[in-house]
Amino acid sequence: MRSLQEAREEFSKDLYATKLSGIEIDKIGEDYALCSMKLTDDHRNAYGGVMGGAIYTLADFAFAVASNFDKEKATVSLVGQASFMAATKGQILYAEARLIKDGRSNCFYEVTLRDEFDKTIAVVNFTGAHVDRK
């Protein structure tokens, strides 16, 4: 498996996630990624809560890293279903992506999002399709 630094370099090209949203890759493993996002006012809605889109972006990025890094084929998302469970009072969100099942053409991942207090904020399930790299 290639290094964490190589993963960070490869996915730094995802500017929406890394530059605009401030997401970082903290750990990688086989079919696994842990990513984090420090929350700022830019991530909040008009009522002070974290935007669902910010939470989903973090989950989607963690899925992308877990399902694509160090893989022969690329994986694209077909379906992503988010269950938002709680609001956070924290300043950091973590997204942990784990493979549930991998098949010849599809894969299934679960991404659990927690804050620094280990409170579960959301769970996002992804169905991915394996495609040839361009």
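This is a chat about the cavity, pockets and strands of a predicted model.

Colleague: Where do we start? How many cavities of 30 Å³ or more are there?

Modeller: One. The volume of the largest cavity is about 30 Å³.

Colleague: Which residues line the largest cavity?

Modeller: Its lining is made of Met-1, Ile-28, Gly-29, Asp-31, Tyr-32, Val-65, Ala-66, Phe-69 and Lys-71. Two elements, β1 (23–29) and α3 (52–68), give two or more residues each.

Colleague: And by class, what does the lining of the largest cavity divide into?

Modeller: Six residues are nonpolar, one is polar and two are charged.

Colleague: Pockets next. What volume does the largest pocket have?

Modeller: About 270 Å³. It is lined by 15 residues, and Phe-11, Asp-14, Ala-64, Asn-68 and Thr-75 are the closest to its centre.

Colleague: Which element gives the most to that lining?

Modeller: α3, with six residues. Elements that supply at least two residues each are α1 (4–11), α2 (15–20), α3 and β3 (74–84). The lining of the largest pocket has seven nonpolar, four polar and four charged residues.

Colleague: What about the second largest pocket, what is its volume?

Modeller: That one has about 150 Å³. Among its lining residues are Tyr-16, Leu-20, Met-37, His-43 and Thr-57.

Colleague: Where does the largest share of that lining come from?

Modeller: From α3 again, with three residues. Both α2 and α3 supply at least two. Five lining residues of the second largest pocket are nonpolar, four are polar and one is charged.

Colleague: Changing topic: strands. Is β2 mostly covered or mostly exposed?

Modeller: Mostly covered. Strand β2 spans residues 32–38, and six of its seven residues are buried.

Colleague: In what sense do β1 and β2 pair?

Modeller: Antiparallel, over six bridges. Lys-27 stands opposite Leu-34 in β2.

Colleague: How many residues lie between the strands in that hairpin?

Modeller: Two. Asp-31 in this hairpin takes a positive phi near 60°. Asp-31 also helps line the largest cavity.

Colleague: And how many bridges join β2 and β4?

Modeller: Seven, with β2 and strand β4 (residues 92–102) pairing in the antiparallel sense.

Colleague: Which residue is the bridge partner of Ala-33 in β4?

Modeller: Ala-97. So to recap the strands: β2 pairs with β1 over six bridges and with β4 over seven.

Definitions and conventions: Residues numbered from 1 in each chain as written. Predicted model: local features only at pLDDT ≥ 70, side-chain atom pairs only at ≥ 80, totals over all residues. Heavy atoms only, no water. 1 Å grid on protein atoms, 1.4 Å probe; cavity = no way out; pocket = protein on both sides within 12 Å on 5 of 7 lines; lining within 4 Å. Points joined across faces, edges and corners; volume = space filled by probe spheres on them. Helix = DSSP H or I, 4+ residues; strand = E, 2+ residues; numbered from the N terminus. Nonpolar A, V, L, I, M, F, W, Y, C, P; charged D, E, K, R; others polar. Buried < 20%, exposed > 50% of the residue type's maximum accessible area, 1.4 Å probe, protein only. Pairing = 2+ DSSP bridges.
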